[in-house]
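Open the model in a viewer and keep the selection tool at hand. Each stop below gives something to select and then what is there.

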Amino acid sequence: MEATMEKIRSLMAGMKVPQHYDKVFKDECVFTFDTPFSEGGLCVNLKSWIGVGADVLDLDIQRCGGQGELYLVQKFKRIPKVKPADDEPTKLAIGVPGGFQDEKWDVVKEHSLLVSDSLGSKATVPLPCADLPMIINNVCEAIIAHQGATSMDDTSRWEQDLETKDSKYSKDLVQLPATKKISPDPKDWRCEKSGDTQNLWLNLSNGFIGGGRKNWDGTGGSNGALDHFLEEKEKGNFFPLVVKLGTITPQGADVYSYAPDEDDLVKDPLLAQHLVHWGIDVMKMDKTEKTMAELEVDLNLKHDWSAICETGALVRLRGPGLVGLKNLGNSCYMNSSVQLLMGLPEIKQRYLDEDLQVRRQAPQDVHSDMVCQVAKLVNGLNSSRYAPPWKEGDDEDDPKLLVAPQMFRSLIGKGHAEFASGRQQDAAEFIQYFLDHIQRAERTALGSRLGGGSSPTTRLFEFGVEERLQESQPQGRVKYSKLQQNILGLPVKLEDASNIQEVLAFRTAQAEKGETDAKKPKTEGEPEPEEPKPVIQLQSGLARFAAAEEGLSFRGGTATKTTRLATMPRYLLVQLQRYFVDEKWMPSKLDCKVPMPETLSLEHLRGKGLQPGETELPEEATAAPAAAAAAPQPDEMVVAQLLSMGLNANAAARASIAVGGAGAEAATAWYFEHMEDPDINDPIAAVGGGGGGVGTDAAGPDPEAVSMLCSMGFAEAHVAAALKSCTNSAERAADWLFSHSDDLDGAVAALGGPAAGSGGSTGAAADFDDGVGEYSLVGFVSHIGKNTGHGHYVCHMKREEVGGWVIFDDAKVAKSEAPPLDLGYIYMYRRKDASA
């Protein structure tokens, strides 16, 4: 023991006690997904506070210099809790008592101190141990008590009822003389408009009983209570507060305020007094209806419903490439996107490193290294480490086998207002965001840490889009330009439905029922007539993509624009744009079916470039080289499209300049990010070089920006050209430089600037992976919900090892019996001439 103590004292130098604001990685290995529940536990380095699994302990020792280290070893074991059989979720929350994912286990924790020396020998000291030096005990105790980096970043806990506030209208609520008393017997309650007997709300001002509003899934009441409030408001009466009958107990009830400035569930501190006015004694009332929180809990309990989630007894799967991802709280958009991408053979070839070669070369802050965390994720999903074959009776929540990508989520979301939050996000936006980040991370890693060729991962998905602009008159000249994209967005419109007549006939019939039918009382269990779902063929979306856009403003006249695919990528991501922003600027969904084929031919959409007999439109006149550079000009075509959306002319021009030649979609996205800028609608000439990042650049590139970007390893000629193209915005110039890092000379030449090399080459701006446009479907992401910011995502992938389709529903992985090919959101096709 004395020899061990001597080793411990020799390794104490530089040790300090972690504070509450320090990051302590005590919950998850930085190299693997091992946790304190794993067989060997989790070892936390007492100096770096980095957690590592037992089988990568030697790797951490080597990375720290190999002279020996001290580790706090955590080993946890679960013991089942005894719970009542009817213990269902009662609170609309995740990770809190009474909510979803409430703990069902007690945890027994064991701690010890592991001592390693320069010779590789290891010794263990059980904790607590009074013989240890005080600093060692203090550090161990602080690590044990620390909330941990995972909890610091945790976004899995959410609870909607915490924000319920007192209504401002409660104190002075108008109550008309009580000409009637409300019966305490629920059998006597009826909606005074429709006769409904369920989901009824009592207006506290005039005693009117009306049906509730519809839930987000289409169920619910007749809307009688809200309609009555609006009718009274038109008469000059303001009766905002209603209480849900059947939820009244001595502890309270569901109270809703229809007041426009509240329009939410509220608290009524005087509820008992307001109810007595209508003959209701809260002390004698029993709960007979579910509260709004309980109803939403019910809806979320049905989260695994419909064709998308394939309810039923599916055959569970587990093995390399068949590993699920734990939902960290509204992280299904990330889980589904990761499953779609990380199983591709090209990505596995690059990041799968069972010998830890990629992760071994990570910098000291392993948790902040994107390459290492992607390698960790790829290995976790595609190796056998967390994937023993599934056996009947296995605990799918066993933490030894869970892959919980908390560290990856924290890293990828860092600095992003949405992806760092606990809110649901758009999977398509996340995929593009991830591809952008991995491209930057691979810039310095390709050829050193990473194999699999010199092309970045993003090249698998990138393709060129050819835009052809033809002036209407007098000569009908044409202008061709090429844009780079990584997702093909296809419009989905109701008017393209093959069964549009059936859909419209149903809606007309429903509308014609009118007031008479609306007043018929609904009985419990009465089925609602089901609206036929519009069926829209893929060819309709492709036709809209390729259709000519006429009448675009261009150089003082009008022009027609057509769009084609300039190249065919190895993997084509297709986004069905069934989600949109409606006329009230609210996110909405076109609930329809789009049958997607398992094979797809797109050669008919390939662009041909300048054709014989076409006259190319010359570039607009530019100033002489010796003259000062002219201020950047907005793209007339982009501005016209933005104006058609209702934007201010100055804002449209500003957005066009800000994104350079990236097109209307990028300009629209830029506008929504900067719409709150105070100068967004100011004339551009009046703001010089500021104004939301779009000023003039007559004085040349900013010397400070040039110096900063050159310090990142870029040549001065490349930096100057990037700054000029990006209107002197250092941030956008850095993005441009990283995105064209594979051929900066060619990209600069395409901009009309000098190359950094001696020859001033004129290479192409982008060298796309191209081939014959014949594709096979390999996977798709589906979404359940009213818009992409709500609901749930799942992923389906075609896997040869199981002979068909597999569904990845967060941690659940199963053989798909009926993949919903017509209900997806993002589809991934592989080019047939590309090796699988």
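Select strand E8 (residues 200-203) and strand E9: three bridges join them, and they run antiparallel. Helices (H or I, at least four residues) and strands (E, at least two) are DSSP runs, numbered from the N terminus. Two strands count as paired if DSSP finds at least two bridges between them. The model is predicted: local features need pLDDT of at least 70 and side-chain atom pairs count only at pLDDT 80 or more, while totals for chains, interfaces and linings use all residues. Residues are numbered from 1 along each chain as its sequence is written, and side-chain values use heavy atoms, with hydrogens and water left out.

Pick leucine 200 next; its bridge partner in E9 is glycine 211. Now widen the selection to the open sheet of five strands, ordered E9-E8-E10-E11-E12 with antiparallel pairing. Strand E9 (209-211) and strand E12 (264-266) are the edge strands, each paired on one side only. From one strand to the next the twist averages 40°. Axes here are lines fitted to C-alpha atoms, for helices over the stretch in contact, and angles run from 0 to 180 degrees between N-to-C directions.

Add helix H5 (residues 224-234), which lies across E8 and E9 and runs at about 120° to E9. Which residues of H5 are buried? They are Gly224, Ala225, Leu226, His228, Phe229 and Glu232. Buried means under 20% relative accessible area, exposed over 50%, and partly exposed in between (1.4 Å probe, protein chains only). The buried residues of H5 pack against E8 and E9, where contact means heavy atoms within 4.5 Å. Following H5 is glycine 236, with a positive phi near 100°.

Move to the open sheet of four strands, in the order E14-E13-E17-E16, again with antiparallel pairing. Strand E14 (478-485) and strand E16 (549-554) stand at the edges with a single partner strand each, so one side of each has no neighbour in the sheet. Neighbouring strands of this sheet are turned by 35° against each other on average, direction ignored.

Within this sheet, select strand E13 (residues 463-471), where eight of the nine residues are buried. E13 pairs with strand E17 (residues 557-565) in the antiparallel sense over seven bridges. Two positions to label are glutamate 471, opposite alanine 559 in E17, and glutamate 466, opposite arginine 564 in E17. On the E14 side, eight bridges join E13 to its antiparallel partner, and glutamine 470 stands opposite valine 478 in E14. E13 and E14 form a hairpin with six residues between them, and glycine 476 in the turn has a positive phi of about 65°.

Show helix H18 (residues 636-644) as well: H18 packs on the sheet, touching E13, E16 and E17, and its direction makes about 115° with that of E16.

Next, select glutamate 442, in helix H14 (residues 427-442). Is glutamate 442 buried or exposed? Glutamate 442 counts as buried because its relative accessibility is 0%. Leaving out residues up to four places away in sequence, glutamate 442 touches Arg350, Tyr351, Leu450, Pro456 and Thr457. Its C-alpha atom is separated by 9.3 Å from that of serine 455, 13 residues apart along the chain.

Finish at phenylalanine 672 in helix H20 (residues 664-674). Phenylalanine 672 counts as partly exposed, because its relative accessibility is 35%.
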